[in-house]
Protein chains: 4
Amino acid sequence: MRILIVFQSDYGHTKSMAESIAAGAKAVAPESEIVLQIAEQTSNEDLEHADVLFFGTPVHMGSMAWSMKKLVDQGAKLWMENRLEGKVGGVFVTGGGFGDAGGGVETTMIGLHANFLEHGMMVVGFPKSLPGYADGGLQWGAYARCATHEGMPKELSATQQVGARSYGAHVVEVAQKLFA
Amino acid sequence: MRILIVFQSDYGHTKSMAESIAAGAKAVAPESEIVLQIAEQTSNEDLEHADVLFFGTPVHMGSMAWSMKKLVDQGAKLWMENRLEGKVGGVFVTGGGFGDAGGGVETTMIGLHANFLEHGMMVVGFPKSLPGYADGGLQWGAYARCATHEGMPKELSATQQVGARSYGAHVVEVAQKLFA
Amino acid sequence: MRILIVFQSDYGHTKSMAESIAAGAKAVAPESEIVLQIAEQTSNEDLEHADVLFFGTPVHMGSMAWSMKKLVDQGAKLWMENRLEGKVGGVFVTGGGFGDAGGGVETTMIGLHANFLEHGMMVVGFPKSLPGYADGGLQWGAYARCATHEGMPKELSATQQVGARSYGAHVVEVAQKLFA
Amino acid sequence: MRILIVFQSDYGHTKSMAESIAAGAKAVAPESEIVLQIAEQTSNEDLEHADVLFFGTPVHMGSMAWSMKKLVDQGAKLWMENRLEGKVGGVFVTGGGFGDAGGGVETTMIGLHANFLEHGMMVVGFPKSLPGYADGGLQWGAYARCATHEGMPKELSATQQVGARSYGAHVVEVAQKLFA
């Protein structure tokens, strides 16, 4: 199986989540090809080559970072020919999160899902029974709030990393069933 | 496989879609148990008994009809114990649709997806390569606008029914892979 | 000015927010009529009678509680005749919030906004410069997470109440400008 | 009053809507400064200089075009200092729209609203009693579907232009009340 994890990272938080997701994926599919890559270096060929796509982004003003959005828009050519149809997708998001819940994480995740669904992909959410959900999950995917109450950046916690890892493993397990 | 199609219908449009979805499901899984049922007669046991759940609703003021919402809220007990986790879900929506796109169908579908994902279910969208998408689809599921330009009710068209049928078949095919 | 605050409350959290919003409204418009009322006791005449409407709900499985949804659906008759057009609306939400951000608060608030906008109302959000935003706000309105990390109910904090109060005052101040 | 209309346009449809919105704005505020500008040429100073902001975009894969998103992200600096708070915002969207309702217009509009609300701005929707709503409106703003059933580009209709014009006028009228 070929797994591509594409992300945009500001302070390294989203990259750190990407690595935890990769670790989870590797644990359940040790011989799979796993590639981590930033959005700006990702081509449509890269997307098409993969069986499983993870898209990760910080929340920027209520939705995905513009460099992720540029990648999404570039995918319109693949959409026209249904080139990503049937692939499996997962999403992960980090957020500075000012306000009681960190504004914009849901709209960001829903936007990423909408894009995968538009391609005819299978989108996999994050079941709350998995390890790390309470700290690193939302129903749509992995989420880690990376800011203090005052909005200052802070590192991902160990339990947030557990969430990202178990989500990465789960998405790949679903893909294994679908591609069996 | 046990397939439960739950809906709320005002003028019979959503019921009509439910029947097309059932026909599509039956075509790919002839020996499966297929039950159509309105929301108010649906118990948590019914939800738990099924392997595949379709939820259908008209758009009412921008989201699902309140009787569907009541069913969704009632499911909170199942959610606490992860009783629907791993089941497969699909959604279908009809809309009177005043305004250039019929306001509220996306928020309605996204709301239904959010609920299925919260239960840890696998949500299946509608790939645009399937028959009937242009008339009866959106990336999140089956959709049929059932109103004239002036907002008066009108019947589902034959091509909208084709869309619902091919979506029903597709969701069940995905479930067959996941439950194999 | 006539201010109607309609809510559904499970454990008293949303009712408590409603009271803080009322206090904020009263502070800036002392002679206004302020009514607090649960959804099930609210008629279309009540909605039409008011100049400013606040709708408040707990998050139930990713969107507003069904009794609020029933009130929203009942409003379809007013919508047909544009009877709420031009009124001012604000929203407030409480959430048990399992998962890193409390899943569903954004979809709940966006759903309430969508309904107000459909009526042609003016929707007022919560500017982050106001007191209490960091604890009791999101861009769409007042929000208070009322659960511990384990998902057990807990009281609204004093700073969450400050947020609800300053939001209530802000919405009424905007209404005063619009109705001057 | 200073009115800034920022947009991204692919085939000229969104630009055409921008011009209708400008015409509507001019009709109700003849002495106002009205500037039309593409996203890439828009600075934070431009945003701060305006009293009323219109953001317009085609739907690209379910949300705003990336050049608009880049502008939105660039606005984070203004957000930190609440520099756009209290300004009035309106949104307009064009969509190729494959599928029965044109997928993605609602998520696009909700995304633009979320951004304006995050800045503490007043967002103005499109009341359905205004001229042109049935062809060029949705509750969140002006919308014109610019594609045939097969997804090929087509010109904005005269009634879609009427919708954009009446929306532009309405937003400015609301601003006049708020800034009086």
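Buried area is the accessible area that two parts lose on being put together, summed over both. Keep that in mind. One caution: this is a predicted model.

Let's start with chain D and chain C. Together they bury about 2000 Å². Of that, 62% lies on carbon and sulfur atoms. Chain D gives 22 residues to the contact, and chain C gives 22 residues too. Which residues of chain D lose the most area to chain C? They are D:L117, D:K128 and D:Q139. Together they make up 29% of what the chain D side buries. How many salt bridges cross the interface of chain D and chain C? Zero.

Next, chain D and chain B. This pair buries about 1900 Å², with 58% of it on carbon and sulfur atoms. The contact draws 25 residues from chain D and 25 residues from chain B. The salt-bridge count between chain D and chain B is zero.

Now go inside chain A. Two packed helices are described by the angle between their axes and the distance between the axes. Our pair is helix α1, residues 13–28, and helix α7, residues 158–178. Their angle is about 45°, and their axes are 7 Å apart. So α1(A) is oblique to α7(A). The crossing is right-handed.

Who meets whom? On the α1(A) side, the residues include A:S16, A:M17, A:S20 and A:I21. On the α7(A) side, they include A:Q161, A:A164, A:R165 and A:Y167. Sorted by type, the residues of this α1(A)–α7(A) contact are ten nonpolar, six polar and two charged.

Note on methods
Residues are numbered from 1 along each chain as its sequence is written. Chains are lettered from A and ligands numbered from 1 in the order in which they are written. This is a predicted model: local features need pLDDT of at least 70, side-chain atom pairs count only at pLDDT 80 or more; totals for chains, interfaces and linings use all residues. Side-chain values use heavy atoms; hydrogens and water are left out. Axes are lines fitted to C-alpha atoms, for helices over the stretch in contact, and angles run from 0 to 180 degrees between N-to-C directions. Helices (H or I, at least four residues) and strands (E, at least two) are DSSP runs, numbered from the N terminus. Angles under 35 degrees count as roughly parallel, over 145 as roughly antiparallel, 65 to 115 as roughly perpendicular and the rest as oblique. A crossing is left-handed if the near helix is turned anticlockwise from the far one by less than a right angle, and right-handed if clockwise. Contact means heavy atoms within 4.5 Å. Ala, Val, Leu, Ile, Met, Phe, Trp, Tyr, Cys and Pro count as nonpolar, Asp, Glu, Lys and Arg as charged, and the others, Gly among them, as polar. Buried area is the accessible area (1.4 Å probe) that two parts lose on being put together, summed over both. A salt bridge is a side-chain nitrogen of Lys or Arg within 4 Å of a carboxyl oxygen of Asp or Glu.
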